[in-house]
Amino acid sequence: MLPDFVASQVDLTPYNTLALPARAEFLAHIQRIEQLAILASHPEFAGRRRFVLGGGSNLIVAGDFGGFVLRMGILGKRRIGEDATYTYLAVAAGENWSDFVAWTLDSGWPGLENLIGIPGTAGAAPIQNIGAYGVEASDFLYRLTALDLARGETITLDAHDCALGYRDSLFKREGWHLSGRYAITEVVFRLPKAWRPRIAYREVAAKLARDGIENPAPAQIAQVITALRAQKLPDPRQLPNAGSFFQNPKVFAGFAAALRHAHPDLPAYPQPDGSVKLAAAWLIEHADWKGRNLGPVGMYEQQALVLVNRGGARFRDVQNLSRAVREAVFARFGVTLTPEPVLLQDDDGAENAEANA
Ligand code: EPU
């Protein structure tokens, strides 16, 4: 007998913001850490596939999933300490990220304001190191706690151990996330008491100038970010999407220089490692895919990097558009785009999706 917080044969459409239909064999609603421990020691859980789900906002569901989906709903947020330099805040994995950011601002602990409005849960924030408008979670992450579902043991990782990079972490890189090995239960952020605004991002600076704001308070920056996001990023409740569908590609500096010679307005950002990051949205727009549909999916008219589900899309539709866009960008610019969201696939389900395409 499975515990009462586990449901079987659950439609995942409401659990992924791109609204792709798929069925999970089991869906566990985790509201307390003890429920994770109960599952970890349950005989029917042993050896089964598992996947830890937050808000499902950075997820492409490829097909039916045989195994356990653990939907993290553990709530709680509190200040756990301070020293001369920092305030330390702990947030449970299931808290809504943007509500958490709003709470930090209301409580007088600024720092995370540029990250307001990012969909998803706090527990998912470190996995792809969420970022927006010149700030990344890694700028403030202090440590996290996770449960090793294979051993039933709690582990604590310092931010440094998480190997956070551009939309990347140990959880993605080592395959821990897809294997469902660890469930992040709590994340601790460390916010400097000496706050400084991060307003160099071009669009942010331009909007502040337009609004005539010279020395913005944290709440004003949050308002500006919210307004910018509303213009460019569709609300998944109105138009299902998974945020940026591709990463911004990093290329060799020489290649970037050659591309910029041919296309002087291509946005390019030199990286500390000597490579150059290009704007995938620009490449897609100039490969003529901005605002264009293929079947029930399309690249959003206000932000070419966002793949939207215009109604009734299935995984194979997403695959077809993804392929078409990647081919067009490669043909025109010689740049290979890599999808950004996590791909949840059951081996059988993925084969079916492929066969049906
Ligand atoms: N651009 C175009 N065409 C477009 C949209 C943008 O040419 O349709 C150009 C813009 O003019 C700009 C450049 O592309 O020069 C970059 O655009 P933008 O500032 O909108 O950001 P992005 O690189 O497209 C990244 C993140 C977003 C984040 C924004 C804002 C990635 C993959 N995406 O997008 O994050 O909100 O910056 O900071 O890094 C996400 O990860 O899901 C996400 C939405």
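The ligand lies between domain 2 (77-192) and domain 3 (246-339), because both domains give residues to the shell around the ligand. The model is predicted. In this model, 24 residues surround the ligand, and the protein covers 86% of the 820 Å² of accessible area that the ligand has on its own.

**Domains**

- The domain assignment of the protein gives three entries: domain 1 (6-72), domain 2 (77-192) and domain 3 (246-339).
- Between the C-alpha centres of domain 1 and domain 2 the distance is 21 Å.
- Domain 1 puts 14 residues into its contact with domain 2, and domain 2 puts in 18 residues.

**The shell around the ligand**

- Of the residues that surround the ligand, the closest are Y133, Y166, Y201, E285 and Q303.
- Sorted by class, the shell holds 12 nonpolar residues, 7 charged residues and 5 polar residues.
- Two strands, strand 8 (131-132) and strand 13 (241-244), are among the elements that give two or more residues to this shell.
- Helix 5 (202-210), helix 6 (218-232) and helix 8 (280-286) also give two or more residues each.
- Helix 8 gives the most to the shell, with 3 residues.

**Polar side chains at the ligand**

- In R202, a polar side-chain atom lies 3.1 Å from an oxygen atom of the ligand.
- N248 has a polar side-chain atom at 2.8 Å from an oxygen atom of the ligand.
- For K290, an N or O atom in the side chain is 2.8 Å from an oxygen atom of the ligand.

**A sheet of 3 strands**

- Strands 14, 16 and 15 form an open sheet in the order 14-16-15, and the pairing is antiparallel.
- Strand 14 (250-251) and strand 15 (268-270) are the edge strands, each pairing on one side only.
- Strand 15 pairs with strand 16 (residues 276-278) in the antiparallel sense, over 3 bridges.
- Opposite P270 stands V276, which belongs to strand 16.

How values were computed. Residues are numbered from 1 along each chain as its sequence is written. This is a predicted model: local features need pLDDT of at least 70, side-chain atom pairs count only at pLDDT 80 or more; totals for chains, interfaces and linings use all residues. Side-chain values use heavy atoms; hydrogens and water are left out. A residue is near a molecule or strand if one of its heavy atoms lies within 4 Å of it. A polar contact is a pair of N or O atoms within 3.5 Å; within protein, one must be able to donate a hydrogen and the other to accept it, and residues adjacent in sequence count only if both atoms are side-chain atoms. Accessible areas come from the Shrake-Rupley method with a 1.4 Å probe; for residues, only the protein chains shown count as cover. Helices (H or I, at least four residues) and strands (E, at least two) are DSSP runs, numbered from the N terminus. Ala, Val, Leu, Ile, Met, Phe, Trp, Tyr, Cys and Pro count as nonpolar, Asp, Glu, Lys and Arg as charged, and the others, Gly among them, as polar. Domain bounds come from an automatic or database domain assignment. Two strands pair if DSSP finds at least two bridges between them. Contact means heavy atoms within 4.5 Å.
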